Amino acid sequence: MKTAIIIITYHIDPRILIGQVQAIRKFCTDADYSIEFFDNSQDEEKAAGIKHHVIDQGCNYHRTISATTDPSVSHSFAANFAYKTLKDRYDLIAFFDHDLIPVKTFSVELILAGKLVAGVLQYQGGHVQYLWPGCLFLDNTQIDKSLVDFSPNNQLGTDTGGELYKLVNACGTGQCVFIDETGCLNPDLKDHPTHYFYMTLHNQTFLHFLAASGWAGEPDHEKRINSLINIVNNKITDYDNLQ
């Protein structure tokens, strides 16, 4: 199965970008996959740096420019552009946030396990169910491609990916794999006012930094990123020691 791992990136620290690519290459067991970056950075200097590192890592680089600075709209535009660009080239497609790092072996095909979609279920208003676009897996050979839409839904109050509720409804819950998500205390930032934690997904296969580009403007951002990079490296070392 020909597989694409699509990463929507925005003003990301080069250390995270390089570490993510190296971790994907270390842990992804799918036989035929490509890593495709879609960069929606608004700072041209940062975009140039991202392009350099993506190409240097041997990945494919694409640039998107949204008509608005709204982060949800910009992100969804990049994700929709990515899907429309690649939907007819790949059998399986995974979307990763730019700060989602694998720390143990994974396979896009095995995560889907013969189902149509896999992802982290989101709720809005107690009844709207959609999938978070930062760790999303699609069997492109079976789904209705016209229903893949990462746009937010303002009427329903959903963020990026809100329109994916139509895909979830069409597939039915029996054809969806719902990925677990666990919050973990970051011991180095236990007193941080907002990001005192990180997330792990799919039985701790992936670690998600959250707000790694610094868009949230939280205090001690650099300290938090350094701490999370160390946590990722330690988890990868622990995994290797168990093999």
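This is a short walk through the sheets, the helix contacts and one aromatic pair of the structure above.

Okay, one thing before we start: what you're looking at is a predicted model.

Let's begin with the bigger topic, the strands. There's an open sheet of seven strands here, and if you read across it the order goes S3-S2-S1-S4-S9-S6-S10, with mixed pairing. Which strands sit at the edges? Those are S3, residues 60–63, and S10, residues 176–178, and each of them pairs on one side only. Going from one strand to the next, the twist averages 15°.

If you want a place to put your finger on that sheet, try S1 and S2. S1 covers residues 2–9 and S2 covers residues 32–39, and the two pair in the parallel sense over eight bridges. To line them up by eye, look for Ala4, which stands opposite Ser34 in S2.

Now add a helix. H2, residues 44–56, lies across S1, S2 and S3, and it runs at about 160° to S3.

H2 also has a helix partner, H1, which is residues 14–27. Their axes come within 10 Å and cross at roughly 25°. Angles under 35 degrees count as roughly parallel, so that's what we call H1 and H2. The crossing of H1 past H2 is right-handed. And who's touching whom? On the H1 side you've got Pro14, Leu17 and Ile18, and they meet Ile50, His53 and Val54 in H2. Sort the residues of that contact by class and you get five nonpolar, one polar and no charged.

H1 has another neighbour to talk about, H6, residues 221–242. Here the axes come within 12 Å and cross at roughly 15°, so H1 and H6 are roughly parallel to each other too. This time H1 passes in a left-handed crossing. The residue list is a bit of a mouthful: H1 brings Arg15, Ile16, Ala23, Lys26 and Phe27, and H6 brings Glu222, Ile225, Asn226, Ile229, Ile236, Tyr239 and Asp240. How does the contact of H1 with H6 divide by class? It has seven nonpolar, one polar and four charged residues.

On to the other sheet. Four strands make up an open sheet in the order S5-S13-S12-S11, and the pairing is antiparallel. Its edge strands are S5, residues 100–102, and S11, residues 181–185, each pairing on one side only. The twist in this one averages 30° from one strand to the next. S11 pairs with S12, residues 197–201, in the antiparallel sense over five bridges. Your landmark there is Gly183, which stands opposite Met199 in S12.

Last stop, the aromatics. How many aromatic pairs turn up in a search of the whole structure? Ten. Let me show you one of them, Phe95 with Phe150. The ring centres are 4.6 Å apart and the planes are at 50°, so this pair counts as tilted. It also links distant parts of the chain: Phe95 is in strand S4, residues 92–97, while Phe150 is in the loop between strand S9 (135–139) and helix H5 (165–171), and the two are 55 residues apart.

That's my tour, thanks for listening.

Conventions
Residues numbered from 1 in each chain as written. Predicted model: local features only at pLDDT ≥ 70, side-chain atom pairs only at ≥ 80, totals over all residues. Heavy atoms only, no water. Pairing = 2+ DSSP bridges. Axes fitted to C-alpha atoms, helices over the stretch in contact; angles between N-to-C directions. Contact = heavy atoms within 4.5 Å. Parallel < 35°, antiparallel > 145°, perpendicular 65-115°, else oblique. Left-handed = near helix turned anticlockwise from the far one by under 90°. Nonpolar A, V, L, I, M, F, W, Y, C, P; charged D, E, K, R; others polar. Phe/Tyr/Trp six-rings, centres within 6.5 Å; stacked < 30°, edge-to-face > 60°.
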